[in-house]
Every structure is written in structure tokens, then in C-alpha cells.
Amino acid sequence: MKSKPINERSTDAGISRRQMLLAATGTALATTVAGTASLAANKVMGKPEGADANVLDVVVIGAGLAGLTAARDLMQAGRNAFVVLEANDRVGGRTLNHKLAGGHYSEAGGQWVGPGQTAVYDLCRELNIGMFPTYLKGKSVYRAADGSMYAEDAGGTFSVGPELEKVIEKLNELAAEVPSSAPWTAPRAAELDAISLAEFVKPYGLNPLDTLSLDLGLRLTDTIHYQEVSLLYALSRINYAGSYEQLEGFAGGAQEQRIENGSQYISEVLAAGIGDRLRLSTPVRSITEWDSDVVSVHTDNSVFRAREVIMAISPALCNKVAFEPDLPKKRQALQQTWPAFAPGRKTAHVYSRPFWRDAGYNGWLFDIGGEVMWAYDNSPEDGSIGVINAFIYPAMSNDPAVLAPQLAHLYAEAFGEAALDYSEFHDQDWGEEPWCMSCVSPLTPGFLTSGLMEALRAPIGSLVWAGTETAQIWQTYMDGAVRSGHRAALEALSGLASQAQEACL
Amino acid sequence: MKPSGVKLLRTTAITLRLCGRIAMGLLLLWGVTVGRTAVADAGEFDAEKFTVAIDAQGGELAARSPAAQLYQDCVYCHGGQGRAESSYYPRLAGQPVGYLLQQLRAFRDGTRQNAIMSSLVKILATEEIDTLASYLAEQAPRAADPKLLATAAAATGKIRAEALGCAACHGQAYQGQNNYARLAGQGYEYLTIQLTAFRDGSRVDPAGIMSGLAAGLSNADIGNLSRYFSAL
């Protein structure tokens, strides 16, 4: 349920009358006006109040999976008077396809789906977007810092030694008591949030070898060293997945499948459905009067006025928007302190075919303790071309003339000389994206129990919050983003309904 | 073999079982248990050599100083020993301890803003900040690249730097001193971003010197200065 706005909505008789008019004419009026392109050019700033024709039902901020899912839901509810404002010149948020020659693609951002992620599965089915299994067949190659290597076929899995097994068993056991939708309500929340994953692991006395493995695995998961990751946070993620194995796994786990045409394609299809209601390259600078019936959303060239605003961007990114009046202290503090230190970086080398498969390799390379954490086969389903993607340290050279051959030589050591004959190279460092800033960042010890988390989802005035961080399950995944979009749309619709009701009283 | 071991292998855990386990015969056991034969590659790969290497590597990691271990949180962007190859993330090796302390504290108290650093520094204890600053100050900076210095942009930047008197604070070799940053060998992109931030006021130095100096810089100046300093 949407919370009451700070300013009561029905105290102003003038507003009530206008709203009664709107309620009487239904949404048709607003739909007609907002549906035309003229709205974009309409600079309503400074216009006197009362120009109802210019008031939208909803402004959605952010054209990632969350915002676009919300927009689709609004349309399905018959609320067509909305716009989606996107700061970037593209849709998809933290999903992004490199467009390769021949109409192929390789994902530079979030890309996997797996069992239990029913929201994104359903959405893809409704949109007629297919999925296919992540390629797992063959030997993986492991490389030590001195260049020595080892290869094995582990059935496309990573397996664990007995010491690590104990750690994982304990994690699974503890996670059962941590509800992912509100980890801070767990019976031992304060205790579990007081320590990092590293501190949790310490007493198990892992040998150096296991420590290295764990470090690599967790860096891949959280893009940062596990000294910074709250145990409670890690447990909340294990909780929503069902187990550590399901969270981190490929076959049977959250990385089991890929999206046909690449993960960004979901957003592209959603965007096509909302047409010119989508405004690209339109960063929102400030939001005023969010505590009144009509909110003003200010971009560089226009002001959009709406009854509800869906903030479909990360909490850290919300902090880049100026709010007037100030947001409640708790929400302000949440945005200001929300961790945003997961500058993931992914590269792609493109080959005429996935040659490594012929020699029995799955295209996986683990550079243990090195800066190329994990390279993997990201070829299209039919294998008509070969793609090797890699998660690398952002610290690696950002000069493609240096980086591309450096990585190719590493691949050649592992998979053979053919790795030097790549036709394309792509590099995406999410830390350099001003409108993403970071991949989904892990939460640090103490954050979940800081008392700020209650402000994560609670609507304030006419503002509702979306984005994968706000999901109740599968936070950090595409599935969480879709879920959050559905919830935000419902909250906005509820807000619109209660405004109309108040106006009729 | 405990049932959970089978489950772990059948599903997937993103932590690696490294080849050291083969010696323990576990891999074969697990492989058989789940009806799959796991085979070590016999070709150019040498499992034994690899195991020794990884063990040594793990031992080296465990034996690192507490400061070096703390720095593991930063290595992802700033590179090993603070010598990032990327020119986008600042190279911290050999920065003056005073400058490092000042900046880490500025991120913590909000006087310097950066999405990544602001949230990361908040979880560091004061003594950890001290430890990191000392550790990085002691690391040797990256070696200079003479080829870069031979460019026209670097030459123009050198003249501009001398005219501006950058060396007065940053040192004769732009090696940094006291609370003033080392500029020599810093990344080109990082330098251009910072100079631009000083110019537009989004970064402010405590003494206000940089804001004043940067106000008079053109984009070309910023580019040339950055080429010069990054080449040193």
C-alpha cells in the first residue's frame, strides 16, 4: 500500500475540483494529450497551475528493465499518459549488448537467468524472447600467476574441496533464517551483519589454495574483495536463490541460461512497445513538489508534470537528482550512503568460429590471482561465430591496442594460436558509466541493519521506487529488476486511484 | 563422500576445486559418484607444476603484510601495488602520504565526491586509512615511458606546466610532496577528468589553489598538461 503523502492531497479545494474533472473525463483526455509528440516540445515550466492537459499520470525515470517493465504494466492497465525518461542514449540500464558484425551480439552487462527467476522468464515468454543454455561442454583451463596451467573437464561446474564445503554448508544453514525481502528482520541480523564474509571464513582455517579460490569466486560474484561484503547480505542472496549452489551455479543455478539476441534485447522490445513515450538522452536534474498532487520532473530542456513518479534507478543514482523539498532524512541518508563500488568490466573477443570447442575446451579460463578473473564462451547459441567474454580488473589497460592483444595472448596459451585471430574486440567498464556508476554493489557490514533499509521501498509522497535493489527476491539480478517494475507500477496505479478517489469525496 | 558433496558437484559452486585435490583422489571419487569422469589434461598442461605454483601463490598471499592484505580491497581498480594500467583509475603508488591521507579523509567526510570511493571509504577505520596511505606511499611508482614524452602534446604541456608553476607545490619532478599529489606517471584520463573537475568546481582543493589555476585552462591546456604529466 502506498503511504500517505506528507502534504494531504485533498486540502486544496482547487486541486480537488481539477481532479474531479479529470476523474469525470476518465483518462482519455490525458491519454490523448500525452500520446502526442507535442508534449516533448512543451516547456511547461513557469506555466500557471491548472494546465491539467499537461499533467501526466506517471513519469518513469530510467529505461532499464525495471522502468520499462513498469511502463508496460501501466499501458496494460490503460494508463497511457506517461513518459519514460532515460539519461543515456540507449535503453537497458545495466544490460548492454555489443553489436557485432553480421547481426551478432555479446553481452557487456547482466546476462544470465536461471531456475526460480520466474518474473524474467514470464516476461520473456510474453514478449516472445527465447532462451538457450549457457555453453558448458569441455575442459576449463586454470592458470597460475607464473603462467603454469592446468585443464580439466568438470562438467561445466566449479567444484569445491572439503574445507570449502564446510563453509558453504554453514552459509546455506544460516541463510535459511535470513528473509531476503527484509534481511534486517532476521533473528540474528545484527550479529550476522556485524561481520564480513572474510571474517566469517577466517575460523575455518582455509589453506592458501582455498583462500585464493574463494577470493576469485567472490570477486566474480560481488566484483569486490570479500572483506567488504556483509555476511548478512551474502546470506540474504543465498536465501532467495535457495542455496549457495543455486545462486552461484550454472547448470541448475542462476547462470543456467542466456537470452536470445542478448539480454539488452528484452529492454529493446519493451521500449518498442511504448513508442515515443520514451525520451532518451534526457537526464533528470531535479524533482520538485514531490509532496503535492502534481510533481514536477525537471530535465535540461523541459519540465514534466505528473501525479506519480517511478524512480527506476539505483539508490546511489537517485542521489544525483536534487529533490525539493528535501526527502525525509532516512531516505536521504540511504541514497547518500548506498554502496556503489562494483565497477565491473567485461571484454569480448570475436572469432570466425568457436575454435576452442573443437579441441574440447569450454572456453573457460581462470587466471588465479590474476587480473583476468574469468574468460568464458559467450558465442551465440548456434555457434556460428565464436565469442570469448572476460571479467577483468578495471585496473587493466584501457587502451584497446594494448589490452586486446594482451588478452588474446592469454587465450592463445590456453586454447591455441587461433585465439590471436580475433576480428573484433569490445570493452565495457561500468565504473566509467556516469548514468550507471557501478554494477549492482554488494552491501557492506552494518548497512542492512543501519535502520535505513526501511526507506528503500516505501513510497514517499508521489514517489515510488523501483530497480533491482528494491526487489524482494533476486535483488541484483535481471529478475529482481522486472519484479520491482511490476510492484512500482502497482504502487503508482494505487496512488492514481487514491488521488481520484479523494477528488470525488 | 557425503551426499552434500555430490550435490555440490552436480550443481555448481563458483569456488574452484583446484588440482591439488586430485592428489587426494577426491575428484575421481566425485566424478564417479555423479557418473562423470573428470580427466586432467595430459597435453601441454602440467598439473603437478600448476599445483606447486598455486600453493606458492597462496602461501605468498597469506604471508603478505596486513597492509598489503588490506589493499586487496583496492587492487581491483587501482592495480597491484597501486600501479593501475588503466589511465582512468588513479595510480596511487608513490603518492605522498599526506596527500593520500587528505584525500581518503575528504572522501570520508564528503568534501570530495566519488560514487565508488565515497561509499568504500566509509567502512574503513581511521587506522586502516592510515595503514593504506603509508602502504601506498611506500610503493614504487610505474616506470616512465620515454616514447610518450616525445609527443608534441607533451612538449606543449611541459611549457604550460612551467608557466603555471605547478612544480612549486607538486615538486621539481612533479613527484608530489606533503599534501600535494604526485603528477608524474599519473593516468592521462584521470588527470584530464580531475583538472576539468577543478575547473567546473566539482572538485575543490582545501587551499583553493587548483580551483584558481584550473579556471584559466582551456580544454587543449588540460589535454596537453595531462599528456605531459602522464609521460613522466
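**Exercise 1. Find the partners of strand β7 in chain A.**

Solution. Start with β16(A), residues 361–367: 4 bridges join this strand to β7(A), and the two run parallel. Strands here are DSSP runs of E, at least two residues, numbered from the N terminus. Two strands pair if DSSP finds at least two bridges between them. Next, take β8(A), residues 149–152: β7(A) pairs with β8(A) in the antiparallel sense over 4 bridges. Now look at A:Y142. A:F366 stands opposite A:Y142 in β16(A), and A:Y150 stands opposite A:Y142 in β8(A). Last, check the link: β7(A) and β8(A) form a hairpin with 5 residues between them. In the turn, A:G147 has a positive phi of about 95 degrees.

The model is predicted: local features need pLDDT of at least 70, side-chain atom pairs count only at pLDDT 80 or more, and totals for chains, interfaces and linings use all residues. Residues are numbered from 1 along each chain as its sequence is written, and side-chain values use heavy atoms, without hydrogens and water.

**Exercise 2. Decide how covered β7(A) is.**

Solution. Count first: 5 of the 5 residues in 139–143 are buried. Buried means under 20% relative accessible area (1.4 Å probe, protein chains only). Then sort by direction. A:K139, A:V141 and A:R143 point one way, A:S140 and A:Y142 the other way.

**Exercise 3. Place A:T282 and list its contacts.**

Solution. A:T282 sits in the loop between β10 (278–279) and β11 (284–288) of chain A. Its relative accessible area is 15%, so A:T282 is buried. Contact means heavy atoms within 4.5 Å. Leaving out residues up to four places away in sequence, A:T282 touches A:L85, A:E86, A:A87 and A:T299.

How values were computed:
Chains are lettered from A and ligands numbered from 1 in the order in which they are written. Buried means under 20% relative accessible area, exposed over 50%, partly exposed in between (1.4 Å probe, protein chains only).
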